[in-house]
Amino acid sequence: MRDTLLIALYAFAGAAATGLAGAGALRLLRRRSLTVSLAVVAAVGVVAMLAGTLIVAWAMFLSPHDLTVVTTVVAMAAVVSLATALLLGRWVVARSRELAAAARSFGDGGNFAAPGGPATAELAAVSRELAATSARLAESRERERALETSRRELVAWISHDLRTPLAGLRAMSEALEDGVAADPDRYLRQMRTEVERLNGMVGDLFELSRIHAGALALTPTRISLYDLVGDALAGVDPLAREHGVRLVGGRIEPVPVEVDGKEMSRVLGNLLVNAIRRTPADGTVAIAAERSPEGVVLSVTDGCGGIPEEDLPRVFDTGWRGTHARTPPAGAGLGLAIVRGIVEAHQGRTGVRNIPGGCRFEVVLPAAASVKPS
């Protein structure tokens, strides 16, 4: 038993010394190829066995013949181990180089295509992550292109919508200045109307810039949807009468929500104004508020006749106004973009879908937490 312990102690001492030397070599060569590291690991294993054998042989006074036999066996094992390590290293390095070459396509705006052939589990995992990253980058590039298109359209439409009232204001001011205005009071009223339109457009642009910059400061308060919807309907009633549109708000549940009352009133006002302008005379615009498993759903239904299916994903994009909305009364295409920004700031979401004869715009908000009685 004592001899066995001594042999184990001598073998461990020789292997430990070799392992420390191998660790130092790996540290010095850590920036070199994986092939070199694998060769060092294989060499450490073989040399550790050889060192332990030599120490045990010296301590046990083995015969020179037996020591030669053991050394020869270890040397053959070393040759096979090193050859195997070199082949494995070259294979892994080749696979990693193929993966690196495929990853370079990211920089060229292309898609990642995983290299063919077998690979280690780690390289396969890296390849899957690169493929997922490539898909996310492609989606990001597509969103960026869509946003850039929306920005260009917005600039073009804003320029057009600003140019028209400014030209009218300039003509009317020149007429008043030259004293050729037949009805100065009518000119002044028209100028005030145009100034209010311009002020509304500038206000929308400012609101949208705050939303995009993440600077929209909310002051949530607990409020009933019944009161919120009632105020919104009262605010758009004159516009509905002017267009000959009926407002219906029958299905309003008195559900409490925690929202910024001012901003949410703007959301409902934008949705109702948009619905009234799209609904023909003698049509109906209905608003509803009810509970759902997802929270609280506010919906505005109009009689616009529907939106083409290919345009539905763009309805809430900045600057989108539809194919038949290129005249100034349709606005600058900012109202629905502001709606989405405000709703998302409240941790909600927006949606739109076609229904028979029109569209249904929906706003989903988190329900207010129930108040426990004291």
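Are F316 and F361 buried or exposed? In this predicted model, F316 is buried, and F361 is buried as well. These two residues also meet each other: a search of the whole structure turns up one aromatic pair, and F316 and F361 form it, in an edge-to-face arrangement with 6.0 Å from centre to centre and 80° between the planes. The pair links distant parts of the chain, as its members are 45 residues apart. F316 sits in the loop between β5 (295-301) and α8 (335-345), whereas F361 belongs to strand β7 (residues 358-365).

A helix pair offers a second point of interest. Two packed helices are described by the angle between their axes and the distance between the axes. For helix α6 (residues 225-243) and helix α7 (residues 261-278), the axes come within 9 Å and cross at roughly 30°. Because angles under 35 degrees count as roughly parallel, α6 is roughly parallel to α7. The crossing of the two helices is right-handed. On the α6 side, the contact is made by L228, V229, A232, L233, V236, L239, A240 and H243; α7 contributes G261, M264, S265, L268, G269, L272, V273, I276 and R277. By character, the residues of this contact comprise twelve nonpolar, four polar and one charged.

Attention then turns to E253, which lies in the loop between β2 (246-248) and β3 (256-259). With a relative accessible area of 32%, E253 is partly exposed. Leaving aside residues up to four places away in sequence, E253 touches L225, Y226, A289, E290 and R291. One of these, E290, is 37 residues from E253 along the chain, yet their C-alpha atoms are separated by 5.4 Å.

Notes
Residues numbered from 1 in each chain as written. Predicted model: local features only at pLDDT ≥ 70, side-chain atom pairs only at ≥ 80, totals over all residues. Heavy atoms only, no water. Axes fitted to C-alpha atoms, helices over the stretch in contact; angles between N-to-C directions. Helix = DSSP H or I, 4+ residues; strand = E, 2+ residues; numbered from the N terminus. Parallel < 35°, antiparallel > 145°, perpendicular 65-115°, else oblique. Left-handed = near helix turned anticlockwise from the far one by under 90°. Contact = heavy atoms within 4.5 Å. Nonpolar A, V, L, I, M, F, W, Y, C, P; charged D, E, K, R; others polar. Buried < 20%, exposed > 50% of the residue type's maximum accessible area, 1.4 Å probe, protein only. Phe/Tyr/Trp six-rings, centres within 6.5 Å; stacked < 30°, edge-to-face > 60°.
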